[in-house]
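Trainee: I should like to learn how to read packing, chain contacts and backbone geometry in a model. May we work through one example together?

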Amino acid sequence: MKQRTSTLLAVAALTAAFAAHAQQPAKKTAPPAKAAAPAKSAITEEFEKFREVLEEDNPAELFEAKGEDIWKNRKGPDGGSMAQCDLGLGAGVVKGAYVQMPRWFADAGQVMDAERRVVHCMMKYLGYKEADIRKQPFSNVNKTPDHVSVITYVAAQSRNMKIAAPQKHPKEKEAYNVGKEIFAFRGGPYDFSCATCHGADGMRIRTQDLPNLRKPDQAIRAYQGWPGYRMTGGFMLTQQWRMNDCFRQQRFPEPSYLSDSVTALLAYMTVTANGQVYKGPGIKR
Amino acid sequence: MKKTIVFAAAALACTAALADEVRNYRAEAVAMLKRDFKAKGIAGTDRLHEDSVQAICNRSGDNPPKDVAARLEQDQLEAIKYPADGKLMGDWKEGEKIAQSGRGMTWSDKAGIPGGGNCYNCHQIAPSETSFGTIGTSLYQFGKTRGNGPDIQKYVYGKIWNAKAFNLCSAMPRFGHVGALTEKQIKDLVALLLDPQSPVNSK
Amino acid sequence: MDALRRTLLKGAGATGAIAAAMAAGVLRPSQVLAADINRAAFEAKDIAGALKAAGATNVADSTAIAIKAPDIAENGAVVPIEISSSLPNTVSLSVLVDKNPFPLTSSFEFANGAVPEMSLRVKMGQTAMVEALARTADGKHFIAKKEVKVTVGGCGG
Amino acid sequence: MADPMKIRAQMKGDVADIRVLMSHAMETGQRKDGAGNTVPAHFIQSITVDVGGKRVLQGQTGPAVSRNPVFGFKVKGAKAGDKVVINWVDNKGDKRTDEATIG
């Protein structure tokens, strides 16, 4: 960013000059030429062949079972339980709740994605401490935090259901629209935005296909990947983690865990995937 | 008669749409990012401040007016620092290692440790590496059709130093410009693409 | 001694002494179970060593052993493998990966109706041959191989 | 104590299809932790499967089996209602036994 000062004035003038252009819907730059298309499809097809095998016996189920146990049996210091937790469909209702978040929760005065809501409930009813959760929000090789197992359980309880994130409340609409902007925001030393990798069809990093998150039939692929069992390391990771690590790779500073920015991005992705059938929890590379 | 109704309906729809459009979600998004993101390791919050190129590309959906793009590309071009010794081609073997590495500049990378070029993440390069991305064009046989004369050397060096000098809203980072790669590393990458001995150009 | 334990003991080279001890009445079967692990085979650093320790000599290539594994693994940490044998009286199947620090990954003995067919997931440090070793009731060994490529994935950072 | 396994056992024709997920670190003994110390090897070493009271499978496993192991196998002659008992023991002596009924 050494040049910032030298061009700042010019930019200010230019920005003003075409402010009108900026209101136009974002046009995509031409998609990059496809490199070696045959090699790409061969690798992808080979992965696809074994996807089914991997998904059929997904170790995510082990964490789902742990989460179910906590949801059904764990008691808080004041005798609270997750039966009191309203995931948007009423206290204790888990079935179908996952695919209908993020949503506005009046009791919290916030739009919350599933992870934010589950953690909220675990603190409120089971006595989990926010500081402890923030100390290790994501799984590592030594420990899978309880809330990750609970999220896995909650997600699994929406398996084979249609994604239907609500857009009724103004704050839900706001989350979607702000998320859409965050998705396109280029910054950091590499000038990357989410859209750099996830804004066009048919792209991949190394051998990994990158879903175009602006399209419903591809947004679903990212959506149902997480919570997912990550083969690298062998533990469960959540959507919040996925967003966090994307920003790391984007060379951004770190988004706070359970922050509005991440919820907004998840709202954008989920609403884009609305109507698609959820088949997670996932199993990922 | 019918037409009028249609027009009226359209006008109403427009007004409704406008009410939404009037909100500057972009500004709200930027403010939210600045509120929610925290410095970690070498990744400071200064990274959220858009520089000139980012500002223009972000405000135009990566599609700035041509004259604006041309003027900013010129600025970027003029800021490219070419090696003082005039030599632009280094060692392609080192270049291959740099191209393979996806490290550098993340909050989990250490300060002062040379980063990688991240090249294979997005480009096909040497034929031996079958795990390559497709965000960028294939660079396989790059030098085969273009030779390795001074002009192409200068172009490749400049492109790696600052891709935005050639295409303002290119997806490619400005590796030299932001100090993600050193002069020597870029020379080695130039060699990877242009050296006739490099596997990129061998049969 | 049931059929399963008999085949197990027959195959494992290191258990020759144990079998002798058992025959001599020194060891009871219940004590043998704990010694079932054929450490030598699992600690062998190459295929030849692992086969030798497993008592597999004169190993013949066989097309009657099928290996279903990806040509390119999505992740070397979790490579799905399915092996099966149509050799009559297959009593044991083992999975080896030639470039792993310790090639023998696992070994299974079948009895009482178990079909000689296993699916499992193994770690592979690099592109290597996956080898499936079968033993038949008459103590003969057969092998089949398939290459699995392991590539760099993700952003590499 | 080790976490429970997930066992699925289903008749497919005259063959019982049995699949099991086990919760285990399967440490190779070659990995280093954040502080640079080698994490000791810790892996399931032996597996047994009984169906309808008969031992059908006995396995030996090393650390090259993936973390949180997944195994699938088939048993002829079993029938719906038969009990499946799976047991594992690791190199530190930890063990776990779980049951399921063939459906």
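Trainee: Which residues does V154(A) touch, not counting residues up to four places away in sequence?

Mentor: Please bear in mind that this is a predicted model. V154(A) touches L87(A), V94(A), A97(A), Y98(A), A114(A) and V118(A), once residues up to four places away in sequence are left out.

Trainee: How should such a set of contacts be read, and which residues have the most contacts inside the largest nonpolar core?

Mentor: The general idea is that nonpolar side chains tend to be buried together in soluble globular proteins. Here the largest nonpolar core has 144 residues, and V154(A), L265(A), A267(A), M269(A) and V122(C) are those with the most contacts inside it. Helix α12 of chain A, residues 260-272, gives the most to this core, with 8 residues. A second core, separate from that one, has 30 residues and includes I125(B), W161(B), A180(B) and L193(B).

Trainee: Let us turn to chain B. What pattern does chain B follow along the sequence?

Mentor: The pattern of chain B is α-α-β-α-α-α-α-α-α-α, that is, 9 helices and 1 strand. Of the 203 residues of chain B, 49% count as buried. As for sequence separation, 60% of the contacts in chain B between residues at least 6 apart join residues at least 24 apart.

Trainee: At what angle do helix α8 of chain A and helix α2 of chain B pack?

Mentor: For a helix pair, one reads the angle together with the distance between the axes. Helix α8 of chain A (residues 170-184) and helix α2 of chain B (residues 25-36) pack at about 75°, and their axes are 8 Å apart. Because angles of 65 to 115 degrees count as roughly perpendicular, α8(A) is roughly perpendicular to α2(B). On the side of α8(A), the contact is made by N177(A), V178(A), E181(A) and I182(A). On the side of α2(B), Y25(B), R26(B), E28(B), A29(B), M32(B) and L33(B) take part. By class, the residues of this contact divide into 6 nonpolar, 1 polar and 3 charged.

Trainee: How many residues of chain A are in contact with chain D?

Mentor: The contact involves 7 residues of chain A and 10 residues of chain D. The side of chain A that touches chain D has 3 nonpolar, 1 polar and 3 charged residues.

Trainee: Next, the backbone. Where is the cis peptide bond that has omega of about 5°?

Mentor: For a peptide bond, the angle to read is omega. The bond in question joins M101(A) and P102(A), and P102(A) lies in the loop between α4 (60-73) and β1 (103-105) of chain A. The peptide bond from W226(A) to P227(A) is also cis, with omega near 0°. P227(A) is placed in the loop between α10 (216-225) and β5 (228-230) of chain A.

Trainee: What is the phi of D191(A), and is D191(A) buried or exposed?

Mentor: D191(A) has a positive phi of about 60°, although it is not a glycine. D191(A) belongs to the loop between α8 and α9 (194-198) of chain A. The cut-off for a buried residue is 20 or more other C-beta atoms within 10 Å; D191(A) has 26 and is therefore buried.

Trainee: Which phi value does R206(A) have?

Mentor: Phi of R206(A) is near 50°, a positive value in a residue other than glycine. R206(A) sits in the loop between β3 (203-205) and β4 (208-210) of chain A. With 22 other C-beta atoms within 10 Å, R206(A) is buried.

Technical notes
Residues are numbered from 1 along each chain as its sequence is written. Chains are lettered from A and ligands numbered from 1 in the order in which they are written. This is a predicted model: local features need pLDDT of at least 70, side-chain atom pairs count only at pLDDT 80 or more; totals for chains, interfaces and linings use all residues. Axes are lines fitted to C-alpha atoms, for helices over the stretch in contact, and angles run from 0 to 180 degrees between N-to-C directions. Helices (H or I, at least four residues) and strands (E, at least two) are DSSP runs, numbered from the N terminus. Angles under 35 degrees count as roughly parallel, over 145 as roughly antiparallel, 65 to 115 as roughly perpendicular and the rest as oblique. Two residues are in contact if their C-beta atoms, placed from the backbone, lie within 7 Å. Ala, Val, Leu, Ile, Met, Phe, Trp, Tyr, Cys and Pro count as nonpolar, Asp, Glu, Lys and Arg as charged, and the others, Gly among them, as polar. A nonpolar core is a set of buried Ala, Val, Leu, Ile, Met, Phe, Trp, Tyr and Cys residues joined through C-beta atoms within 7 Å. A residue is buried if 20 or more other C-beta atoms lie within 10 Å of its own, exposed if 12 or fewer, and partly exposed in between; C-beta atoms are placed from the backbone.
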